[in-house]
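Student: I have a protein structure to look at, and I do not know how to read it. Can we go through some features together?

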Amino acid sequence: MAALLLVSAGVPASAHHSAAPFDMSKEITVRGTVEKWLWANPHSWLYLRVAKPDGTQEVWGFEGGSAGMLARTGWNSADMKPGDKVTVSAHPARSGNRTGLLSQIKLPSGKVLSAGAGAPPALNAPAPK
């Protein structure tokens with residue numbers, strides 16, 4: 001029984017995903033039309049239809065945080081809908097695929113949402129109630 005508990009304790013840690021597939025030293029900006037916005041756990045995904053210089057189009061996928069984490073930083077599941085024109089800043093995939101890790105997004109309203117967890121609270125900030 002003890003061995004089973006030890007093995008099962010490691011499962012959540014191994015399920016955690018890292019930013020390793022993305023080049024965190026680089027940031028790209030992509031403008032496009034929302035194809036699909038998946039507000040989900042453990043990661044949200046934004047798919048954009050992007051026009052290339054030659055007039056053809058391609059779809060890019062951007063990984064975001066969990067719905068809960070994004071909500072805590074001001075995001076909402078209704079922030080985007082198919083057809084919206086947005087500008088995304090992201091860390092590109094190391095593989096060269098048309099994917100990235102969301103950094104921030106500028107919505108059609110001009111509102112900018114950051115995908116980061118935000119600044120840590122001040123040391124002297126009151127404790128949550």
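**Confidence first**

Tutor: Among the elements of the protein, strand β4 (residues 85-92) has the highest mean pLDDT, 97, and helix α1 (residues 2-14) the lowest, 39. This is a predicted model, so start with pLDDT, the predictor's confidence in each residue, from 0 to 100.

Student: What is the mean pLDDT of the protein?

Tutor: The mean is 81. Of the residues, 75% reach 70 or more.

Student: Where does pLDDT stay under 50?

Tutor: One stretch is residues 1-16. There the model has 0 contacts beyond four places in sequence. Another is residues 117-123, with 2 such contacts.

Student: Now burial. Is S44 buried or exposed?

Tutor: Buried means under 20% relative accessible area. S44 has 0%, so S44 is buried. Its place is in the loop between β1 and β2.

Student: Which residues does S44 touch, leaving out those up to four places away in sequence?

Tutor: The list includes W37, L38 and W39. F62, E63, G64, G65, S66, A67 and L70 are on it too. The side chain of S44 also reaches the backbone nitrogen of A40, at 3.2 Å.

Student: P42 lies in the loop between β1 (28-38) and β2 (45-51) as well. Is P42 buried or exposed?

Tutor: Exposed means over 50%. P42 is at 53% relative accessibility, so P42 counts as exposed.

Student: What does P42 contact beyond its neighbours within four places in sequence?

Tutor: P42 is in contact with G65 and S66. Look at the chain too: P42 and G65 are 23 residues apart along it, yet their C-alpha atoms are separated by 7.2 Å.

Student: Next, aromatic rings. How many aromatic pairs does the structure hold?

Tutor: It holds 4. One of them joins W37 and W39. To read a pair, check the angle between the planes: over 60 degrees counts as edge-to-face. W37 and W39 have 65° between the planes and 6.0 Å centre to centre, so the pair is edge-to-face.

Student: What kind of pair do W37 and W75 form?

Tutor: A tilted one, with 35° between the planes and 5.8 Å centre to centre. W37 lies in strand β1, and W75 in the loop between α2 (67-72) and β4. So this pair ties together parts 38 residues apart in sequence.

Student: How accessible are W37, W39 and W75?

Tutor: W37 is buried, at 12%. W75 is also buried, at 4%. W39, at 28%, counts as partly exposed. Ring pairs link W37, W39 and W75 into a cluster.

Key:
Residues are numbered from 1 along each chain as its sequence is written. This is a predicted model: local features need pLDDT of at least 70, side-chain atom pairs count only at pLDDT 80 or more; totals for chains, interfaces and linings use all residues. Side-chain values use heavy atoms; hydrogens and water are left out. Helices (H or I, at least four residues) and strands (E, at least two) are DSSP runs, numbered from the N terminus. Buried means under 20% relative accessible area, exposed over 50%, partly exposed in between (1.4 Å probe, protein chains only). Contact means heavy atoms within 4.5 Å. A polar contact is a pair of N or O atoms within 3.5 Å; within protein, one must be able to donate a hydrogen and the other to accept it, and residues adjacent in sequence count only if both atoms are side-chain atoms. Rings of Phe, Tyr and Trp (its six-membered ring) pair if their centres lie within 6.5 Å; planes under 30 degrees apart count as stacked, over 60 as edge-to-face and the rest as tilted.
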